[in-house]
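Grab a viewer and something to scribble on. Here are a few exercises to work through, each with its solution.

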Amino acid sequence: MMEYFVSALTQVVQPLNLAVILLGTIVGILAGAMPGLSSIMALTIVTPFTFSLGGNSGILMLLGVFCGAIYGGSITAILINTPGTANSAATCLDGYPMSRHSPGRALAISTMASTFGGLFSALALFFTAPMLAKVALNFGAPEYFALGIFGLSIVTGISSKSVFKGIIGAIIGLALATVGIDVISGQPRFAFGSVYLMGGIAYIPLLIGVYAFAQGLTLIEEKVTEKAKKDIKLERILPTWADIKKTSPTILGCSVIGTIIGAIPGTGGDIASWLGYTQAKRFAKDSSQFGKGDPRGIAAPESANNAVSGGALIPLLTLGIPGDAGSAVMLGALMMQGIIPSPLLFENQPVQVYIIIFGLIAANICMGLLGFGGIRIFSKISGVPKEILTPIIFVFCCVGTFCMNHNVYDIFFMLIAGAVGYFLIKLDFAMPPVILGLILGPTIEKNLQKALVLSDGSFSIFFTHPISCVLIVIAVVSLMLPLITYFVKKKQGKNEEAAAE
Amino acid sequence: MKKYNYIVAAVLLVVGIGMIVGTMDFPYHGLSDIGGGFWPKLLGGALLLCSIGLALETALKKQPDEVTIDFRSEGMKRVLIALGIMVVFSVLTYILGFFVGTFFMVISCAILLGERNKVKLLAIPVGVIVFIYVVFEMVLHTNLPAGILF
């Protein structure tokens, strides 16, 4: 085991790799700090470029982007009351009131909490992932099929107001995964004689289309004209001892919350940050200052949403199930680099696993150093006008898409996917189930076939294996939950009406 | 939104039927050897049921019709123009290459978003193209699309 740690650590601390982590973190912070750009958008655009860097450096750069973008969102949330990403919406509540009299103090608390949250979750990943992988080593085809369905159902259940729209999104993703030559029968499916489609639908053009290009179209639709050109002077860049003492228990508690939330497939930083904030407020001895600039109100959401980064990698690396949309992009990127996340990854490529874990730790350290050192520069980024930013996003979408396969048709496919995705998002269709469906589709289909061969064509195999049975039951319950909640609320409403009469 | 929900449900219904019909002639030897057609058929059936479910859910909803897509709004008009720009960009990229397409796209989008300063309108695409050329063509040795004419 020790030789894997040493080998992984030696690779992470190479100057080139440290430089790409730093660069990735800078890109992530900049993207996160620009309202309208999301961490997923940054990840999708950067992913194709990382292929030029080669295996480990590319992955390490992505980890930098992953961490940096979550943190970056807090900068504009604190300074101009506009969250750079959805993850930082809760930070506005106390961050902005504090920044009106001491912006440097608010940013310093945010940086400290974000760094701690990220490091805590990276250590949680280091200690828990190998144990979970050992358990998952006993998984067979029925368990993998059930796990895929479970992952999809969790995302589907919470990502849209309409349960049908959520399920439809997942089916669209699964259906897209069937396009191309079937690996088992060798027959082409839904390729319509096109050589381009024979190879299947590529992840990256679809991801860039629905997350980055569609987001660019939203920016064009909104056309935010007011520019945040507030000249902000930061009075300090490091937290005070009093703030460290006051926020430490909150940061620790919310880091645990964020790590757990991140490890649950289908959740994300936004849920973690709101949950962290409400819990910090609930358990505070004096909660009267929450909403008026309480340091714990900044520390709680920031430590929770940054802790999601390590938590989300736990199911990703051990089971191949992404914890959120950001880790779904990571999964696609890892697979393209030849790293197939599964319990066997810890057996077959242990050094790669520890490179990812140590890389995440290094990325969080870089994020902290950049946060404390470069906050004065990052705080100016929100002033970049949209008329310059949006076309640049489009150019990067196209270049990023092309870089993957050097095929101009990928650019056209990305544009079509983005346009369709934009209208589907407007109609409340969530994109994470589509992406997860596309990623998990081949695993689900392959294991369904294998399980049916093993059971001689009986579906009972999925219910006679305990883990598979439990996962399928949870999947069904999570899909039914919105319907159950709807009927319970309806019944409650009727009871209240009757009581009022 | 009701109208659009019905349109989406109808389109998905057709897609679902298409998936089932399109894999009809795939070999199937029972559940122990399902072949390549079983899974798409299953998905097609699920899509069909969900599209009917979506249509029913929309019809039974008592809440007022929430308009989320208004093709007459200024914002949507800009989006449609942007999509038109991307179509022209695609054609230009395919025929004349990526840099010509990018020059047109960046200028058009900047004008669409309200930029009127001529110096900026010229400087932004030139700056972007130089950056892309240096990073991708010179440093990363990526040959961006040169177009069928060149």
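The exercises below start with confidence scores and then go through an interface, a helix pair and a core.

**Exercise 1. Find out which scores come with this predicted model, and what the mean pLDDT of chain B is.**

Solution. Start with the global scores: ipTM is 0.90 and pTM is 0.80. Then go to chain B, where the mean pLDDT is 88 and 96% of the residues reach 70 or more. One habit to keep: where pLDDT is low, don't read the predicted coordinates in detail.

**Exercise 2. Work out how many residues each chain brings to the contact, and which helix of chain A gives the most.**

Solution. Count by chain: 47 residues come from chain A and 53 residues from chain B. Next, sort the chain A side by helix. At least two residues each come from α8 (163–177), α10 (203–222), α17 (386–405), α18 (408–426) and α19 (432–454). The top contributor is α17(A), with 11 residues. Finally, split that side of chain A by class: 28 nonpolar, eight polar and 11 charged residues.

**Exercise 3. Decide whether α18(A) and α3(B) run roughly parallel or antiparallel, and list who meets whom.**

Solution. Take the axes first. Those of α18(A) and α3(B), residues 74–96, come within 11 Å and cross at roughly 175°. An angle over 145 degrees counts as roughly antiparallel, so that's the label for α18(A) and α3(B). Now the residues: α18(A) puts in V408(A), I411(A), F412(A), L415(A) and A419(A), and these meet L83(B), M86(B), S90(B), T93(B) and Y94(B) of α3(B). By class, this helix contact has eight nonpolar, two polar and no charged residues.

**Exercise 4. Classify A170(A) as buried or exposed, and find its contacts beyond four places in sequence.**

Solution. Locate the residue: A170(A) sits in helix α8 of chain A. Count its neighbours next. There are 31 C-beta neighbours inside 10 Å, and the cut-off is 20 or more, so A170(A) is buried. Then drop everything within four places in sequence, which leaves contacts with L152(A), T156(A), P433(A), L436(A) and G437(A). For a distance check, try T91(A): it is 79 residues from A170(A) along the chain, and their C-alpha atoms are 31 Å apart.

**Exercise 5. In the largest nonpolar core, pick out the residues that touch the most other members.**

Solution. The core holds 210 residues, and the ones touching the most other members are A42(A), L62(A), L63(A), I168(A), I171(A) and C397(A). Now zoom in on A42(A). Not counting residues up to four places away in sequence, A42(A) touches V27(A), G28(A), A31(A), L37(A), V65(A) and A69(A).

How values were computed:
Residues numbered from 1 in each chain as written. Chains lettered and ligands numbered in written order. Predicted model: local features only at pLDDT ≥ 70, side-chain atom pairs only at ≥ 80, totals over all residues. Contact = placed C-beta atoms within 7 Å. Helix = DSSP H or I, 4+ residues; strand = E, 2+ residues; numbered from the N terminus. Nonpolar A, V, L, I, M, F, W, Y, C, P; charged D, E, K, R; others polar. Core = buried A, V, L, I, M, F, W, Y, C linked by C-beta atoms within 7 Å. Buried ≥ 20, exposed ≤ 12 C-beta atoms within 10 Å, placed from the backbone. pLDDT = per-residue confidence, 0-100. Axes fitted to C-alpha atoms, helices over the stretch in contact; angles between N-to-C directions. Parallel < 35°, antiparallel > 145°, perpendicular 65-115°, else oblique.
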